[in-house]
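The following exercises are to be worked with the sequence and the structure at hand. Each task is followed by a solution in steps.

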Amino acid sequence: MIYLSELYELQNELDKYILEKKNKQLMPKQLLTDTLLALQVEVSELANETRCFKHWSNKGPSSKDVILEEYVDILHFFLSVGNQLGFSAKEIEDAYFKKRQININRVKEGY
């Protein structure tokens, strides 16, 4: 099983490889801005492939494989953003479980 920390490292290696091969030397702020925009685009592409918002259309969603590919594209950029912001996998995991408990409590309290 691969853990979040391994995914972060693999994504970090991929990001470095891409920048090196494309001969890109972006300032950290520009790289983060570009990555956040790419993440937003990928979320939109996922929505488009699921067609979840197209109440006016009778056409069904794309195949599961196409939808999964878009989902994984989102994961790639999500991991890149986390790396660029300096979050460790442990920090993400801890924050996730803390926020999860808050959300559970909110549901119980009728939030």
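**Exercise 1. Classify histidine 55 by its accessibility and locate it in the chain.**

Solution. The model is a predicted one. Histidine 55 has a relative accessible area of 73%. The cut-off for an exposed residue is over 50%, so histidine 55 is exposed. As to its place, histidine 55 belongs to the loop between H2 and H3. A distance completes the description: from histidine 55 to asparagine 23 the C-alpha atoms are 43 Å apart in space, with the two positions 32 residues apart in sequence.

**Exercise 2. Describe the secondary structure of the protein chain and decide how its radius of gyration relates to the globule rule.**

Solution. First, list the elements: the protein chain has 4 helices and 0 strands. Their order from the N terminus is α-α-α-α. Next, take the radius of gyration, which is 17 Å, against the 13 Å that the globule rule gives for 111 residues. The value is well over the rule, so the chain is more spread out than a compact globule. The spans of the C-alpha trace along the principal axes are about 45 × 40 × 30 Å.

**Exercise 3. Characterise the burial, the contacts, the surface and the charges of the protein chain.**

Solution. Begin with burial: of the 111 residues in the protein chain, 15% are buried. Then consider contacts between residues at least 6 apart in sequence; 70% of these join residues at least 24 apart. The exposed area of the chain is about 8,900 Å², and 59% of it comes from carbon and sulfur atoms. Finally, the chain carries 15 positive and 17 negative charges, whose mean positions are separated by 6 Å.

**Exercise 4. Find the aromatic pairs and assign the geometry of each.**

Solution. The search of the whole structure yields 2 aromatic pairs. One of them joins phenylalanine 53 and tryptophan 56, with 5.9 Å from centre to centre and 70 degrees between the planes. Planes over 60 degrees apart count as edge-to-face, and the pair of phenylalanine 53 and tryptophan 56 is accordingly edge-to-face. Phenylalanine 53 is partly exposed, at 39% relative accessibility, whereas tryptophan 56 is exposed, at 56%.

Turn now to tyrosine 96 and phenylalanine 97. Their ring centres are 5.3 Å apart and their planes stand at 85 degrees, so this pair is edge-to-face. Both tyrosine 96 and phenylalanine 97 are exposed.

**Exercise 5. Examine the backbone and the burial of arginine 51.**

Solution. Most residues other than glycine have a negative phi. Arginine 51, however, has a positive phi, near 60 degrees. The residue is situated in the loop between helix H2 (28–50) and helix H3 (64–84). Its relative accessibility is 16%; since buried means under 20%, arginine 51 counts as buried.

**Exercise 6. Compare the burial of two residues of helix H3, glutamate 70 and lysine 64, and state their distances to other residues.**

Solution. Glutamate 70 is part of helix H3, and so is lysine 64. Glutamate 70 has a relative accessible area of 11% and is buried. Lysine 64, with 71%, is exposed.

Glutamate 70 and valine 43 are separated by 27 residues in sequence, while their C-alpha atoms are 7.7 Å apart. Beyond its neighbours within four places in sequence, glutamate 70 makes contact with Glu42, Glu45, Leu46 and Glu49. For lysine 64, the C-alpha distance to glutamate 49 is 9.4 Å, and the two residues are 15 apart in sequence.

**Exercise 7. Which residues does leucine 32 touch, not counting residues up to four places away in sequence?**

Solution. Locate the residue first: leucine 32 is in helix H2. With residues up to four places away in sequence set aside, leucine 32 touches Val81, Gln84 and Leu85. A further distance can be read for leucine 75, which is 43 residues from leucine 32 along the chain; the C-alpha atoms of the two are separated by 15 Å.

Conventions:
Residues numbered from 1 in each chain as written. Predicted model: local features only at pLDDT ≥ 70, side-chain atom pairs only at ≥ 80, totals over all residues. Heavy atoms only, no water. Rg over C-alpha atoms; globule rule 2.2 N^0.38 Å. Buried < 20%, exposed > 50% of the residue type's maximum accessible area, 1.4 Å probe, protein only. Contact = heavy atoms within 4.5 Å. Areas by Shrake-Rupley, 256 points an atom, 1.4 Å probe, with all protein chains shown as cover. Lys, Arg positive; Asp, Glu negative; His and termini not counted. Charge placed at Lys NZ, Arg CZ, Asp CG, Glu CD. Phe/Tyr/Trp six-rings, centres within 6.5 Å; stacked < 30°, edge-to-face > 60°.
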